[in-house]
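Biologist: Could we walk through this protein together? I'd like to start with its surface and then work inwards.

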Amino acid sequence: MLQVKQYNSIHAIDPHYWNSILDAEDVFHTYDFVRIVEDSKVEDATFYYLLFYDGEALVGSTIFSSFKVSLDLFITDNGLVRLIKKLSPNFFKVKIIACGLPASFGQLNLKVVNDRYSNEVSSLVTREMKELAKKLRVTLLTVKEFSANREKQFSNFLTQGFFLCNSIPYMNLDIRWKDFDSYLHSLRHTYRRKILLSLKKIGHSRPNIIKGWLHNNLSQTPVLLLSQPDENFAPDFYRRYLSVMERSTTKLEVLNQDFFANLFSRKDKYQLLSLVADKKVISSAILIFNNDTLTFMLVGRERPKDEYDSYFNLIYGMIQLAIENGCKKVKMGQTAYWVKQCVGSVPEPKTIYFGSTRPGVHWVLRTLKNVIFPETKLNFIHAFKDAR
């Protein structure tokens, strides 16, 4: 039988010990990133950490976070939901305990070193969540977010009183080209032409990325700049990030300025790709290079559209960076699906396990799960010539 130890702060755990069981894909479960989220008090969440042991050996880890969430985030116009909100306006605005961070990056924050531990770990997670829920007087529980293989690995949550529901898809682009010209040549004319037209708006025929410090490269002419993050830039990025969030129809969470200040202080972990023009930053994206994968984390831009097609050109710049750095994949993230599909990204379905400790509420939520958590249906885009 496994043993479990609980901690109230990531600072109580040795960084090397926490990271010792992680793989390259666990970029949002690293000690460094988790510490940033906790120290920044994202969503004013309360955090708890579990370590699982087989004898003396560490075989798993996870994070609990308790915070407020609006369950009607993805709900479309539905008569039953409107009636419920009329009878109980705050029905969907609740406090929740999540097995995961209070920030959505499409990452599962539940790690085991071997599949043989999955069932027992999921049982222990459920037990500990329910005990914590009783202590905090919280009735809603969720475990997030699962790709298809991880969903199957932890299917024991279904026998623990959870039901399975949809999250939003995650976009991935597999890199299989030796250079950007080969990538362009693989695209159908419609999508290749769009890329070339956007690049033309910044005076490029291919993404030409320079490296340097942001404050030293505020160029008059449009430039794609790869730089290390700077704490002094955090307020500006935060302002642009808020502009993006204000336009978003799915505000999974709103990160605070402290998060970006703490993130940008780790210059060795994260990079910024910015489009600079007229001696100012038009748009910026936070990137993570980890082994053979480039992860697009967040973007900040003030306007939904600009004369430089800045968001599009940041995406093309990421593809160029991935190719020249020998990456095998670009993890494009969630939302902005059409843009990412047009460059060849493929959606990966994501799911969450959900439940309530109150049987009546559990029944209502399970009955309405396809309304509260609808499937995001995306049209398949034939971006490549060899698409079937």
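Biologist: What share of the exposed area do carbon and sulfur atoms supply?

Modeller: Happy to start there, with the note that this is a predicted model. The protein exposes about 18200 Å². Of that area, the share from carbon and sulfur atoms is 49%.

Biologist: And the charges: how far apart do the centres of the positive and negative sets lie?

Modeller: Counting side chains gives 52 positive and 39 negative. The distance between the centres of these two sets is 6 Å.

Biologist: What is the radius of gyration, and what would a compact globule have?

Modeller: The C-alpha trace spans about 60 × 50 × 40 Å along the principal axes. For 388 residues, a compact globule would come out near 21 Å, and the value for the protein agrees with this: 22 Å.

Biologist: How much of the contact set comes from residues 24 or more positions apart?

Modeller: The secondary structure comprises 13 helices and 16 strands, and buried residues make up 54% of the 388. Taking contacts with a separation of 6 or more, the part from residues 24 or more positions apart is 75%.

Biologist: Which residues have the most contacts inside the largest nonpolar core?

Modeller: That core has 61 residues. A second, separate core of 47 residues includes Trp177, Leu294, Phe296 and Phe384. Back in the largest core, the residues with the most contacts are Phe33, Phe259, Phe260, Ile286 and Met297.

Biologist: Which phenylalanines does Ile286 contact, leaving aside neighbours within four places in sequence?

Modeller: Its partners include Leu263, Tyr270, Gln271, Leu272, Thr295, Met297 and Leu298. The phenylalanines on that list are Phe237, Phe260, Phe264 and Phe296.

Definitions and conventions:
Residues are numbered from 1 along each chain as its sequence is written. This is a predicted model: local features need pLDDT of at least 70, side-chain atom pairs count only at pLDDT 80 or more; totals for chains, interfaces and linings use all residues. Side-chain values use heavy atoms; hydrogens and water are left out. Helices (H or I, at least four residues) and strands (E, at least two) are DSSP runs, numbered from the N terminus. The radius of gyration is taken over C-alpha atoms; the globule rule is 2.2 Å times the number of residues to the power 0.38. Buried means under 20% relative accessible area, exposed over 50%, partly exposed in between (1.4 Å probe, protein chains only). Contact means heavy atoms within 4.5 Å. Accessible areas come from the Shrake-Rupley method with a 1.4 Å probe; for residues, only the protein chains shown count as cover. Lys and Arg count as positive and Asp and Glu as negative; His and the chain ends are not counted. The place of a charge is taken as NZ of Lys, CZ of Arg, CG of Asp or CD of Glu. A nonpolar core is a set of buried Ala, Val, Leu, Ile, Met, Phe, Trp, Tyr and Cys residues joined through side-chain atoms within 4.5 Å.
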